[in-house]
Structure formats: C-alpha cells, structure tokens
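Me: Let's walk through this one together, question by question. Ready when you are.

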Amino acid sequence: MTVVIGFEGSANKIGIGIIKDGEVLSNPRRTYITPPGQGFMPSDTARHHRAVILTVLKEALEQAGLKPADIDCVAYTKGPGMGAPLVTVALVARTVAQLWGKPLLGVNHCIGHIEMGRLITQANNPIVLYVSGGNTQVIAYSERRYRIFGETIDIAVGNCLDRFARVIKISNDPSPGYNIEQMAKKGSQYVELPYAVKGMDVSFSGILSYIEDASHKMLSSGQCAAEDLCFSLQETVFSMLVEITERAMAHCGSQEVLIVGGVGCNMRLQEMMGVMCKERGAKLFATDEQFCIDNGAMIAQAGWEMFRSGQVTELEDSWITQRYRTDEVEVTWRD
C-alpha cells in the first residue's frame, strides 16, 4: 500500500488530499474569496493560505484516520501558478517532509488535473481539454509526454469569464464562473461576439475587450440583460473549445474526451461537448466540482503515480516555477 499526501495552492484554493492506491481518503480545501468586482492578489492569497494551511493539514489527517508515520511520500504543486501562493505551500510541504522524514515530490499542476480525471472517470487514453482560470489546453498522450495540440495564445478561458464577472459586478462566492453559469441559464437573447479560433489555438482577450465595451453600452441602453451577455459569452467561448477538441480527436483517431480543470464542471460546456461526442460516436468523461476544481487529492494522485515509478525530488531541487508546461514532464508511469 502506498499513501501519498498532496499539497495544492497555486491560485485561490488551498487543498490537502491523501490518496492510498487510487482511493481518496481525504480532500479538504479552503477558498480565498474577494468582494464582487475584485480579483485575488498574489500577496493576499498567500496570506490566506498561510493562515489556514495547518488547519487544513490537520483536517486531512483526521479525515483519513492517519498519522504522519502512515504517509509514504509528500507531494506539492511545483507550478504553474501564482508565485506567492505556490511558495507558501511549497515551504510547508518541504518542512513537513523533513519533519516526518519522508521523500518529497514536486508535481505539475496540469498533470495533477489529468491524473485525477483519469482515476475518477477511468478514461483509457482520452483527448484532454484542460480549462481553468490560468490554463486552456487540448492535450493528448504520446510517447511518455502529454502533448499540447492547441492552447490559448493569450488569457485562459476561466480568466476571461472571471474578468467579465468583475465588469458586471457578479459575486465571487462560490466562484465567478459558477455564478455566470447560473445567470446564463436565464439568458435568451444571443449577442454576437468575436469568434477567435486560430488553427488549433484560441484567443480570448479580444472577446473580453469587446464584451467589456459592449456590456456598458447595451446594459445602460436596455438592449439586453446581464443574463443575455453571460449566455452569449458561454456559448461563444465553449463553441471554440469544442471545435479545437474535435479537431484533435480527428487527428489522433480518439473516441474519448476528458474535461478537467475548474471550468470543466460547467454543465453547459459538458452538454455542448457531449453533443459533439455523440455525433462522432465518442464518449465524454468529466468530474464534478469536488475533483475538477483545484484540490489536494489531484496532486497526491499524480504524486502517487510518479513515486511508484521511482521519481523523487531532492530538497535542493524543490523549488517552484510559475511557468511549468504540461509537455515538460516525462510521464514515466504510462506505457
């Protein structure tokens, strides 16, 4: 039996999870929530993580019914993410590993999402759509790497949604994307927005600039409601994501799609992707907010796979990096 504890804190979620041979023993987390119209600053987010991380660690051990002696390896998010929160969590993970006398493992955040998705859904070899506040990538596994087939060339889709939420002062509780999704269900009028697919890549900054400008004019003149803008933004950006995912499926001859990352629990995105998969005779895999939103168990699961294949991170190499691409990691645990 191999037991791995995982520390995640690359953005506004702080989570610690424990995995034992594919079983999630515990997975508590806390979210740093700012007032409507505001984003989260790295320094404030790190302060939040420092304030609660030991409480979350205690919860993780208690829920799992384990003592430090029962842990085989300590995994932490090495990157990508926000510098100050990443450093905060890495420091605690390093300290815990030394205090407990356990090996340490730096995990790629994106790989954590993928491995958690594969564990929960049992997808075999899917095309992965990874969509979150900081990342948007279409990924396929080939020859010991997760290869990036297409990605955003500017901001992530989650960042686009979050920033639009700030413009029209939507609440950040529980998350701006969730609140946009609920408002979009009440929207009926489609407002035409720029559609920016460039080969296998997508661009969201122009759409954001356009809707920021249009929203002030259209809302003040009564041309449409905020719900209509939420509906239109979702339909446009999700259509772009479905298009590049389908193209990757055609290229790879794949019949499976796995959606991971925080935006992946959006039911409208899952619905649109499901229609495309059905038309191709393919299968869609997705998880709920327990596992698609940043959490400690996903870092523990990727760490479990890495540790079992013989990987460890020496203390002098246990730094963090804000830029850590998915395809930089050698996938030693898959055929």
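**Across the domain boundary**

Reply: Glu-151 and Arg-325 form a salt bridge, with 3.1 Å between their closest N and O atoms. (A salt bridge here is a side-chain nitrogen of Lys or Arg within 4 Å of a carboxyl oxygen of Asp or Glu.) This is a predicted model, where local features need pLDDT of at least 70, side-chain atom pairs count only at pLDDT 80 or more, and totals for chains, interfaces and linings use all residues. Residues are numbered from 1 along each chain as its sequence is written, and side-chain values use heavy atoms, with hydrogens and water left out.

Me: How is the chain divided into domains?
Reply: The bounds come from an automatic or database domain assignment. By that split, domain 2 covers 126–290, and domain 1 is made of 3–114 + 292–328.

Me: How many salt bridges are counted between domain 1 and domain 2?
Reply: Polar contacts between the two domains come to 12 residue pairs, both residues at pLDDT 80 or more. (A polar contact is a pair of N or O atoms within 3.5 Å; within protein, one must be able to donate a hydrogen and the other to accept it, and residues adjacent in sequence count only if both atoms are side-chain atoms.) For salt bridges, the count between domain 1 and domain 2 is 1.

Me: Which three residues supply 32% of the area that domain 1 buries against domain 2?
Reply: Buried area is the accessible area (1.4 Å probe) that two parts lose on being put together, summed over both. Between domain 1 and domain 2 that is about 1900 Å², 57% of it on carbon and sulfur atoms. On the domain 1 side, the trio that beats any other three residues is Ile-114, Cys-292 and Asp-327.

Me: Now the backbone oddities. What is omega for the peptide bond from Gly-79 to Pro-80?
Reply: Most peptide bonds are trans. Pro-80 sits in the loop between β5 (73–79) and α2 (83–100); helices (H or I, at least four residues) and strands (E, at least two) are DSSP runs, numbered from the N terminus. The bond from Gly-79 to Pro-80 is cis, with omega near -5°.

Me: Is Gln-122 buried or exposed?
Reply: Gln-122 lies in the loop between α3 (109–121) and β7 (127–131), and its phi is positive, near 65°. Buried means under 20% relative accessible area, exposed over 50%, partly exposed in between (1.4 Å probe, protein chains only). Gln-122 has 61% relative accessibility, so it counts as exposed.
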